[in-house]
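Q: I should like to learn how to read the surroundings of a ligand in a protein model. Could we work through an example?

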Amino acid sequence: MRNFVLAITVIFSLLFVSNCVQKGGNGGNDSGDTVKVGVYLDLSGATSSYGKSTKNGIELAVDEINKNGGVNGKQIKLIVEDDQGRPEQAKTVISKLINQDKVHVVLGEVASTNSLAAAPVAQEAKIPMITPSSTNPKVTEIGDHIFRVCFIDPFQGGVMAKFAANELKAKTAAIFGDVQADYSKGLEKFFTEEFTKLGGKVVSTQAYTQNDTDFKSQLTSIRQANPDVIYVPGYYGEVGIIVKQARELGMKQPILGGDGWDAPELWNLAGNALENTYISNHYSIENPTPEIKKFVDAYKAKYNEDPDALAALAYDAANIMADSLKRAGTTESQKLRDAIASTKDFKGVTGSITINDKRNAVKPAVILSLDPESKSFKFKTTIAPEGSESSEEKPKDEKADAKAANANSSESADEKKDEDK
Ligand code: PHE
């Protein structure tokens, strides 16, 4: 009997010890029974709409993945941190996720300035980071562990410049941007380059900073310059007020923006002033493919609202992460990094995603017009990156069909609507 008790004690102690060994020191190793994924987002600051949608998109994807057995026999565990939309805080929370929680991979941020502040921490620790939606080119230049599943701003800024020059026939433009946001500064530059190339002229450039509420003096300068269009490459919180105040000052021009406008709050902030405004964005909920429809239905069932572009990109980022984990067969960071880097033709809801050698996704953008009455974005056109791979791969007739059926997928990547103008 005594031997039996001893044996049982030994077995239990061994089990206990091995369990402790497994739980400790997970970082980059393949031990442990979960894959730990760090998520850092603005859940309470000036861009919290982005954070909330992104969190929803990630959680929907991870729920589905876990229900289907997880990855490599393990469940995915999300550890979510709020960075309040502040770059210093983004750096602090990503350090906590990596050094304390020992996550295997990180998803975040949305606003480029926050991703730029946090990415060096991931790069230094060699933990792969995927931003769903930061579009400033500098983000992935931080290093070989930093990825994104969205297009970049030289493309996005060019897309809107082309739309302004070719579709709206604008000859002159004013730009009103956020001087502290890398996103805004980048778009200002890339829009100007393309618009000038197309023969247009930027007649006034004005600046604001986040949390400003009175934009009337800059807008008055813009009004004096009387441009054909006004480009406002900012985030929804300020943009909503800018558009409203511009209309109050009697400015009737088309006002143009980028993905940063995409938030439900925009409709409340600007209301009818959003008449005659257009943005570039990552996806359109209108004319959906079967994949988009499936995603939209699942999202609506879970959250009782339509998914915006942030949610769609986040869903794609989480699924690409899971797909890469499966292909790597491990959470070991170098192998996981290599698997993410070799993502090819992944069928996401925001289009077909191939990670290029700069760790960016090359995919089409959509132009949407804003309809204040229905509080919804109306699909106008798709603009593909020049020489995009998918445009070369598809046979001719298939391309035409896909184009008619779907505005988002890379199958429509051969469209260069503007070039005949
Ligand atoms: N692209 C923006 C940035 O880099 C973030 C964003 C993406 C906002 C998509 C809204 C929708 O800062």
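A: The turns below treat the ligand, its contacts and the spaces in this structure, which is a predicted model.

Q: How many residues surround the ligand, and which are the closest?

A: A reader begins by listing the residues with a heavy atom within 4 Å of the molecule. Here the ligand is surrounded by 13 residues, and the closest are Ser-112, Ser-133, Thr-135, Tyr-235 and Asp-259. By class, this shell consists of 6 nonpolar, 6 polar and 1 charged residues.

Q: Where does the ligand lie with respect to domain 1 and domain 2?

A: One asks which domains supply the shell. Domain 1 (29-151 + 289-359) and domain 2 (154-281 + 365-420) both contribute residues to it, so the ligand lies between them.

Q: Which side chains have an N or O atom beside an oxygen atom of the ligand, and at what distances?

A: For a polar contact, one looks for a pair of N or O atoms within 3.5 Å. In the side chain of Ser-112, an N or O atom is 2.5 Å from an oxygen atom of the ligand. For the side chain of Tyr-235, the corresponding distance to a ligand oxygen atom is 2.4 Å. The backbone takes part as well: an N or O atom of Ser-133 lies 3.0 Å from a nitrogen atom of the ligand.

Q: How much of the ligand does the protein bury?

A: The area of the ligand taken alone is the reference. That area is 320 Å², and the protein buries 100% of it.

Q: Which space does the ligand take, and what lines that space?

A: The ligand takes the space of the largest cavity. This cavity holds about 130 Å³ of space. Its lining has 17 residues, with Val-110, Ser-133, Asp-259, Gly-260 and Leu-310 nearest the centre. The structure has 3 cavities of 30 Å³ or more.

Q: What is the volume of the largest pocket, and which residues are closest to its centre?

A: The largest pocket contains about 430 Å³ of space. It is lined by 19 residues, and Asp-306, Pro-307, Asp-308, Lys-375 and Phe-377 are the closest to its centre. The lining comprises 9 nonpolar, 4 polar and 6 charged residues.

How values were computed: Residues numbered from 1 in each chain as written. Predicted model: local features only at pLDDT ≥ 70, side-chain atom pairs only at ≥ 80, totals over all residues. Heavy atoms only, no water. Polar contact = N/O pair within 3.5 Å; in protein donor to acceptor, adjacent residues only side chain to side chain. Areas by Shrake-Rupley, 256 points an atom, 1.4 Å probe, with all protein chains shown as cover. 1 Å grid on protein atoms, 1.4 Å probe; cavity = no way out; pocket = protein on both sides within 12 Å on 5 of 7 lines; lining within 4 Å. Sits in = over half its atoms within 2 Å of the grid points. Nonpolar A, V, L, I, M, F, W, Y, C, P; charged D, E, K, R; others polar. Domains from an automatic or database assignment. Points joined across faces, edges and corners; volume = space filled by probe spheres on them.
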